Amino acid sequence: MKEYPIKKNEEHTVEILDLTHEGMGIAKFDHYPVFIENALPGEKVRIKILKVGNKFGFAKVMEWLEKSPDRQTVDNEDLLRTGIAPLSHLSYEKQLLFKQNQVKNLMQRVAKLPDVPVLNTIGMAAPYHYRNKAQIPVKKVEGKLQTGFYRKNSHDLVPIEDFAIQDPEIDKAILVVRDILQRFNVKAYNEEAHEGFLRHIVIRRGHYSHQMMVVLVTRKEKFFKGEEIANVIHEELPEVVSVIQNINEEKTNVILGQKEKVLFGSSFIEDQLLGNTYRISAKSFYQVNTQQTEILYQTAIDFADLKKDDVVIDAYSGIGTIGLSVADRVKYVYGMETIESAVEDAKYNAEKNGITNATYLVGKAEKVMPQWAREEVNPTVIFVDPPRKGLDAKFIEAACEVEPERIVYISCNPATLARDLAFFAEKGYQTKKIQPVDLFPQTHHIECVALITRMD
Ligand code: SAH
C-alpha cells in the first residue's frame with residue numbers, strides 16, 4: 001500500500017500556501033496537497049484530516065491561529081459548505097484580484113501567451129443579491145417540505161432561507177411556494193429511491209421588469225390540483241406571470257426535463273438588457289446577473305468596434321441578446337443556438353424590438369459555422385459565447401477560414417478560453433486583451449471577454 005505523509009483524523013498545524021481555483025485553501029505535506037475549506041493564503045490553522053486520497057487530501061479547520069487581513073466575516077457558513085458562495089470569506093477586492101490572476105496564470109500555463117494583457121476585473125459596487133434565477137432542490141425533512149442547497153459533493157440538503165447572492169424577492173418567493181406546496185400535501189422527490197414527486201423549484205425574476213416565473217420540476221406528469229396550486233401561487237405572489245410544470249422522469253442530476261406544461265399565465269417572462277426587451281422561456285439560457293451582463297455585453301460591443309457595413313455572427317446565441325443588441329448598428333446578424341425554445345425566443349425578440357436584419361437558427365455551432373463558410377456568409381465580426389467546455393476545434397477552423405477581422409470571445413471558463421486562444425493563435429488570430437467581468441461575486445466563477453484579431 002502507498003505511504004501518505006498524513007492519516008485520517010490526525011490533527012496538524014499548517015500554513016495555507018494558496019487557493020485552488022474553487023477557493024479552497026491549500027497546505028502541503030512534503031509534496032502532498034491537502035485542500036481546506038474556509039482557509040486563506042497566509043493563515044496559520046490547526047486542521048483535522050478528513051480524507052486521504054490518492055493524489056490529495058481534504059481537511060477541516062479546527063482553529064485559526066493566525067488570520068489573513070483579507071478575511072471578511074461570513075454570516076452563514078452554510079454558504080461556504082454548500083458552495084453557494086465559496087469565496088465569501090475573502091474580501092471582495094481580493095476576490096477580483098484572485099480572478100484576474102487565475103486568468104493570467106492560465107494564459108501563461110495553458111495558452112502559452114504570457115504577454116496578452118489581462119485587465120483588472122470589473123466588479124460590482126454591491127456584490128450581493130444579484131442572481132435573477134434560483135434552482136432549489138426540495139426534500140422531505142422530518143415530514144415537511146424543505147428547501148435549501150446540497151452540501152458540496154453530496155446530495156445532503158442543508159436548509160437555507162437567505163441565499164445572500166440571490167434577488168431577495170426570489171428568496172422570499174421560494175418560501176411562499178414551498179409552503180403552498182406543503183399545504184396541498186405535495187410529496188417531495190426522493191432521489192435515492194427515485195420516488196415522490198417534486199424535484200426542484202426554479203424561479204426567475206426580471207431585474208427590471210420584476211416579472212416572475214415559477215417552474216415546478218416534477219417526476220411525473222399527472223399533477224393533482226396542479227392548476228389550482230399555480231393559481232394560489234399567483235394570488236400570493238402577484239409578480240408571478242408564469243407557472244410552469246416541467247416533467248423530468250429521469251434518474252439524473254440534470255434539473256429540467258424536456259416536457260413542460262403551462263399551469264398559469266404565460267410560457268415566458270420578459271426583461272430588458274441594454275434597452276431591448278427580451279422574452280425568456282423556462283428552458284432558455286439567460287445570464288443570471290443582469291447588471292453585470294450589461295457591462296459584459298458593452299465591453300464585448302466596444303471590443304468589436306462595429307461599423308455600419310459589418311456582417312456579424314452571434315454564435316451560441318441563447319435568446320439573441322448579443323446579436324440583437326448590435327443589430328441596429330451593423331448590416332446583418334446571423335445567430336445560432338442548440339436549444340429550440342431559445343431560438344424561438346430569439347426570433348420573437350428580434351420582431352418585438354423591430355429588428356429586421358437578423359436571422360436565428362437551431363443548430364450546433366460546429367456544424368452551422370462550416371455550413372455558413374460554404375454558403376459564403378462572410379462575416380466581418382464573430383461573437384462567440386460558448387458553455388464551459390469552450391469551442392469545438394471544427395468551429396474555430398471554420399471561423400478562421402472565413403477571415404473575419406475581429407472575433408470577440410465571451411467565456412465562462414478561463415481554462416477552455418486559454419486552450420482556444422492558443423488554437424486561434426495557430427490559425428493566425430492574435431489575442432489583443434482580456435477583460436474579466438465579475439458576473440458571480442462571492443463565488444469562484446470567472447467570466448471574461450477576449451478580443452481576437454486577424455494578423456496581417
Ligand atoms: N449568448 C447568450 C447565451 C450564452 S450561454 C447569452 O449571452 O445569454 C451558451 C449557449 O450556447 C446556451 O444557450 C446553450 O444552449 C448554447 N449551446 C450549447 N452548446 C452549443 C453548440 N454546440 N452550438 C451552439 N449553441 C450551443
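1. How far from an N or O atom in the side chain of E366 is a nitrogen atom of the ligand? In this structure, which is a predicted model, the separation between the ligand nitrogen and that side-chain atom of E366 is 3.1 Å. The protein buries 90% of the 570 Å² that the ligand exposes when it is taken alone.

2. Two further side chains offer N or O atoms to the ligand in a similar listing. For Y297, the distance from such a side-chain atom to an oxygen atom of the ligand is 2.5 Å, while for T338 the partner is a nitrogen atom of the ligand, at 3.4 Å.

3. The surroundings of the ligand can then be read residue by residue. There are 16 residues around the ligand, and those that come nearest are Y297, Y316, E337, A365 and D385. Sorted by class, this shell consists of 7 nonpolar, 5 polar and 4 charged residues. At least two residues of the shell come from α6, which spans 321-326, and at least two from α8, which spans 365-374.

4. A separate point concerns the second largest pocket, which holds about 170 Å³ of space. Its lining is made up of T73, V74, D75, N76, L79, S88, Y128, D162 and A164, and by class these comprise 4 nonpolar, 3 polar and 2 charged residues.

5. Finally, the chain as a whole is divided into three parts: domain 1 covers 11-71, domain 2 joins 97-124 with 289-454, and domain 3 covers 133-273. Between the C-alpha centres of domain 1 and domain 2 there is a distance of 37 Å.

How values were computed:
Residues are numbered from 1 along each chain as its sequence is written. This is a predicted model: local features need pLDDT of at least 70, side-chain atom pairs count only at pLDDT 80 or more; totals for chains, interfaces and linings use all residues. Side-chain values use heavy atoms; hydrogens and water are left out. A residue is near a molecule or strand if one of its heavy atoms lies within 4 Å of it. A polar contact is a pair of N or O atoms within 3.5 Å; within protein, one must be able to donate a hydrogen and the other to accept it, and residues adjacent in sequence count only if both atoms are side-chain atoms. Accessible areas come from the Shrake-Rupley method with a 1.4 Å probe; for residues, only the protein chains shown count as cover. Helices (H or I, at least four residues) and strands (E, at least two) are DSSP runs, numbered from the N terminus. Ala, Val, Leu, Ile, Met, Phe, Trp, Tyr, Cys and Pro count as nonpolar, Asp, Glu, Lys and Arg as charged, and the others, Gly among them, as polar. On a 1 Å grid over the protein atoms alone, a cavity is a set of points where a 1.4 Å probe fits but cannot get out, and a pocket is an open set with protein on both sides within 12 Å along at least five of seven lines; lining residues have an atom within 4 Å of a point. Grid points are joined across faces, edges and corners, and a volume is the space filled by probe spheres set on the points. Domain bounds come from an automatic or database domain assignment.
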